[in-house]
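Biologist: Got a minute to go through this one with me? I'd like to start with the surface and work inwards.

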Amino acid sequence: SQYAERVVRVQRPNGGVLYYEGEKKTERLVREEHPDGPDEGVLHFQGERGAERRVRLERTDGSVLYYEGGKGAERMVRIARNIPAV
């Protein structure tokens with residue numbers, strides 16, 4: 001039988017990490033970790049291969065940004081902030 005190697009994790013030169021799910025040759029991006037920059041935190045994606053769209057950004061400061069729209073046309077629709085208890 002043919003070896004079914006598939007992509008599950010890719011380390012980027014900037015320190016970021018891409019995570020994929022799915023069978024060989026149909027893997028789709030599901031998560032991207034950003035070590036710094038405007039998208040610092042963990043981005044979550046939904047959709048089929050090639051049409052993955054950003055749905056949520058969990059920032060390192062504890063806030064969460066939610067997005068709607070198709071790939072490349074996502075727009076932020078809500079921000080949830082991590083407000084510490086008093």
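Biologist: How much accessible surface does the chain have, and what share of that belongs to carbon and sulfur atoms?

Modeller: This is a predicted model, to be clear up front. The accessible surface is about 6,200 Å², and carbon and sulfur atoms account for 47% of that.

Biologist: And what percentage of the residues is buried?

Modeller: Of the 86 residues in the chain, 27% are buried.

Biologist: OK, secondary structure. How many helices and how many strands?

Modeller: Zero helices and seven strands. Reading from the N terminus, the elements go β-β-β-β-β-β-β. The radius of gyration is 15 Å, well over the 12 Å from the globule rule for 86 residues, so the chain is more spread out than a compact globule.

Biologist: What does the C-alpha trace span along its principal axes?

Modeller: About 60 × 25 × 25 Å.

Biologist: How are the strands ordered in the sheet?

Modeller: The sheet is open, its seven strands are ordered β1-β2-β3-β4-β5-β6-β7, and the pairing is antiparallel. At the edges you find β1 (9-11) and β7 (75-80); each has a single partner strand, so one side of each has no neighbour in the sheet. From one strand to the next, the twist averages 20 degrees.

Biologist: What share of the contacts joins residues at least 24 apart?

Modeller: Just looking at contacts between residues at least 6 apart in sequence, 1% join residues at least 24 apart.

Biologist: Let's do the N-terminal end. How many bridges join β1 to β2?

Modeller: Three, with the two strands running antiparallel. In that pairing, valine 10 sits opposite leucine 18 of β2. The hairpin of β1 and β2 has five residues between the strands, and glycine 15 there takes a positive phi near 95 degrees.

Biologist: And how many bridges do β2 and β3 pair over?

Modeller: Five bridges, antiparallel again, between β2 (residues 17-21) and β3 (residues 28-34). As for specific partners, tyrosine 20 is bridged to leucine 29 in β3, and tyrosine 19 to arginine 31 in β3.

Biologist: Which glycine has a positive phi in that hairpin?

Modeller: Glycine 22, near 120 degrees, in a hairpin with six residues between the strands. Lysine 25 is worth a look too: its phi is positive, about 70 degrees, although it is not a glycine. Most residues other than glycine have a negative phi.

Biologist: Where is lysine 25, and is it buried or exposed?

Modeller: Lysine 25 is in the loop between β2 and β3. With a relative accessible area of 65%, lysine 25 is exposed.

Biologist: Switching to the inside. Which residues make up the largest nonpolar core?

Modeller: Seven residues: Leu18, Leu29, Leu43, Phe45, Leu57, Leu65 and Tyr67. The elements giving two or more residues to this core are β4 (41-46) and β6 (64-68).

Biologist: What does tyrosine 67 touch?

Modeller: Leaving out residues up to four places away in sequence, tyrosine 67 touches Arg54, Val55, Arg56, Leu57, Glu74, Arg75, Met76 and Val77.

Biologist: Then methionine 76: which strand is it in?

Modeller: Methionine 76 lies in β7. Its relative accessibility is 44%, so methionine 76 counts as partly exposed. Apart from neighbours within four places in sequence, methionine 76 contacts Leu65, Tyr66 and Tyr67.

Biologist: How far is methionine 76 from glutamate 33?

Modeller: Their C-alpha atoms are separated by 18 Å, and the two residues are 43 apart along the chain.

Biologist: What about histidine 44, buried or exposed?

Modeller: Histidine 44 is buried: its relative accessible area is 14%, and the cut-off for buried is under 20%. Histidine 44 lies in strand β4. Skipping neighbours within four places in sequence, histidine 44 is in contact with Val30, Arg31, Arg53, Arg54, Val55, Arg56 and Glu58.

Biologist: Last one, glutamate 5. Where does it sit?

Modeller: Glutamate 5 is in the segment before β1, and at 56% relative accessibility glutamate 5 counts as exposed. Glutamate 5 and glutamate 23 are 18 residues apart in sequence, with 8.7 Å between their C-alpha atoms.

Definitions and conventions: Residues are numbered from 1 along each chain as its sequence is written. This is a predicted model: local features need pLDDT of at least 70, side-chain atom pairs count only at pLDDT 80 or more; totals for chains, interfaces and linings use all residues. Side-chain values use heavy atoms; hydrogens and water are left out. Two strands pair if DSSP finds at least two bridges between them. Helices (H or I, at least four residues) and strands (E, at least two) are DSSP runs, numbered from the N terminus. Axes are lines fitted to C-alpha atoms, for helices over the stretch in contact, and angles run from 0 to 180 degrees between N-to-C directions. The radius of gyration is taken over C-alpha atoms; the globule rule is 2.2 Å times the number of residues to the power 0.38. Buried means under 20% relative accessible area, exposed over 50%, partly exposed in between (1.4 Å probe, protein chains only). Contact means heavy atoms within 4.5 Å. Accessible areas come from the Shrake-Rupley method with a 1.4 Å probe; for residues, only the protein chains shown count as cover. A nonpolar core is a set of buried Ala, Val, Leu, Ile, Met, Phe, Trp, Tyr and Cys residues joined through side-chain atoms within 4.5 Å.
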